[in-house]
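The following note is offered to a colleague who has the sequence and the coordinates at hand. It proceeds point by point, from accessibility to charged pairs and then to the surface.

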Amino acid sequence: MGMNPSKLDRWPRYERVHFVLVKRGHRYERPWQGFVVGWRRAGRGWEALVTYVDEQADGSGVHTDWFPQARLRPVEVDPNPPRDDWF
């Protein structure tokens, strides 16, 4: 392999989505950006343990809390962006 990898040299797609947006209380508030750490059963549904960043928090803006699945929106991540996006 030379210095320039071929176009076939790509990362595999992620099977599970771990990045999410967490809806806040008001529909016009900007959602938090989060990372799913784990899942648990909650009654008839599911909850996710999410580590997220609250930009408006005083002190440390990084938190980890349980959220119902209905408040989460998955964010698809492509580890193989177009070549020009890396530069």
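1. A residue is called buried when its relative accessible area is under 20%, exposed when that area is over 50%, and partly exposed in between. Phe-19, with a relative accessible area of 38%, is therefore partly exposed. The model discussed here is a predicted one, and Phe-19 has its place in strand 1.

2. As to the overall fold, the chain contains five strands and zero helices. Read from the N terminus, the order of elements is β-β-β-β-β. Of the chain's 87 residues, 20% count as buried.

3. Salt bridges deserve separate attention. Side chains of opposite charge can pair when their charged atoms come close. In the whole structure, three salt bridges are found.

4. Which residues meet Arg-24 in a salt bridge? One partner is Asp-54, at 3.6 Å from N to O. Asp-54 belongs to the loop between strand 3 (45–53) and strand 4 (62–68), while Arg-24 belongs to the loop between strand 1 and strand 2, so the pair ties together parts that are 30 residues apart in sequence. The other partner is Glu-29, with an N to O distance of 3.9 Å.

5. The accessibility of these residues may be set beside their pairing. Both Asp-54 and Arg-24 are buried; for Arg-24 the relative accessible area is 12%. Glu-29, by contrast, is partly exposed, at 37%. Through salt bridges that share partners, Arg-24, Glu-29 and Asp-54 are joined into one network.

6. A further salt bridge links the side chains of Arg-40 and Glu-47, at 2.8 Å from N to O. Arg-40 is partly exposed, with a relative accessible area of 37%.

7. On the surface, Phe-19, Leu-21, Phe-35, Val-37 and Val-75 make a nonpolar patch of about 380 Å². Strand 1 (19–22) and strand 2 are the elements that give two or more residues to this patch.

8. What lines the second largest pocket? Its lining consists of Arg-16, Val-17, His-18, Val-20, Val-36, Val-37, Trp-39, Gln-69, Leu-72, Arg-73 and Pro-74. Strand 2 (32–42) and strand 5 (72–74) are the elements giving two or more residues to the lining. By character, the lining residues divide into seven nonpolar, two polar and two charged. The space in this pocket amounts to about 190 Å³.

9. One residue connects the last two points: Val-37 belongs to the nonpolar patch and also lines the second largest pocket.

Notes. Residues are numbered from 1 along each chain as its sequence is written. This is a predicted model: local features need pLDDT of at least 70, side-chain atom pairs count only at pLDDT 80 or more; totals for chains, interfaces and linings use all residues. Side-chain values use heavy atoms; hydrogens and water are left out. On a 1 Å grid over the protein atoms alone, a cavity is a set of points where a 1.4 Å probe fits but cannot get out, and a pocket is an open set with protein on both sides within 12 Å along at least five of seven lines; lining residues have an atom within 4 Å of a point. Grid points are joined across faces, edges and corners, and a volume is the space filled by probe spheres set on the points. Helices (H or I, at least four residues) and strands (E, at least two) are DSSP runs, numbered from the N terminus. Ala, Val, Leu, Ile, Met, Phe, Trp, Tyr, Cys and Pro count as nonpolar, Asp, Glu, Lys and Arg as charged, and the others, Gly among them, as polar. Patches are made of residues with over 30% relative accessible area and no salt bridge: like charges are joined within 9 Å, nonpolar side chains (Val, Leu, Ile, Met, Phe, Trp, Tyr) within 5 Å. Accessible areas come from the Shrake-Rupley method with a 1.4 Å probe; for residues, only the protein chains shown count as cover. A salt bridge is a side-chain nitrogen of Lys or Arg within 4 Å of a carboxyl oxygen of Asp or Glu. Buried means under 20% relative accessible area, exposed over 50%, partly exposed in between (1.4 Å probe, protein chains only).
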